[in-house]
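Biologist: Could you walk me through this chain and show me how each label is earned?
Modeller: Happily, let us look at it together.

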Amino acid sequence: MVEETTRKRWDPAESKRGLECRHCGCKHFRVIYTRPTWGGRIMRRRECRHCGKRMTTWERAGGT
Ligand SMILES: [Zn+2]
């Protein structure tokens, strides 16, 4: 039996190094919209400029 312990999650620290599209590997994203959510986070909807794949990321609000 294999336990799934490594779940890929969006880490805000990685955003400083650059977000990569999992589909085509490019790093160019267009932000469709940004919106604060409860819990002190900012949700961003992004779209890859190359392949058009969309992903949602959460970042910490405030602080920086
Ligand atoms: Zn892409």
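**Reading the labels**

Modeller: The protein chain has one helix and three strands, and along the sequence they follow the pattern α-β-β-β. This is a predicted model, where local features need pLDDT of at least 70, side-chain atom pairs count only at pLDDT 80 or more, and totals for chains, interfaces and linings use all residues. Residues are numbered from 1 along each chain as its sequence is written.

Biologist: What makes a stretch such as S1, residues 29-37, a strand?
Modeller: Helices (H or I, at least four residues) and strands (E, at least two) are DSSP runs, numbered from the N terminus. S1 covers residues 29-37, so it satisfies the strand rule of at least two residues.

Biologist: Why are S2 and S3 called paired?
Modeller: Two strands pair if DSSP finds at least two bridges between them. S2 (residues 41-48) and S3 (residues 54-60) have seven bridges, in the antiparallel sense, so they count as paired. Arg44 stands opposite Thr57 of S3, and Glu47 has Arg54 in S3 as its bridge partner. The hairpin of S2 and S3 has five residues between the strands, and Gly52 there takes a positive phi near 80 degrees.

Biologist: What makes S1 and S3 edge strands?
Modeller: The three strands form an open sheet in the order S1-S2-S3, with antiparallel pairing. S1 and S3 each have a single partner strand, so one side of each is left without a neighbour in the sheet. From one strand to the next, the twist averages 25 degrees (axes are lines fitted to C-alpha atoms, for helices over the stretch in contact, and angles run from 0 to 180 degrees between N-to-C directions).

Biologist: How do you know whether Val31 is buried or exposed?
Modeller: A residue is buried if 20 or more other C-beta atoms, placed from the backbone, lie within 10 Å of its own, exposed if 12 or fewer, and partly exposed in between. Val31 has 10, so it is exposed. In the whole chain, buried residues make up 5% of the 64 residues.

Biologist: Which residues does Val31 contact, leaving aside its neighbours within four places in sequence?
Modeller: Those are Arg44 and Arg46; a contact means that the two C-beta atoms, placed from the backbone, lie within 7 Å.
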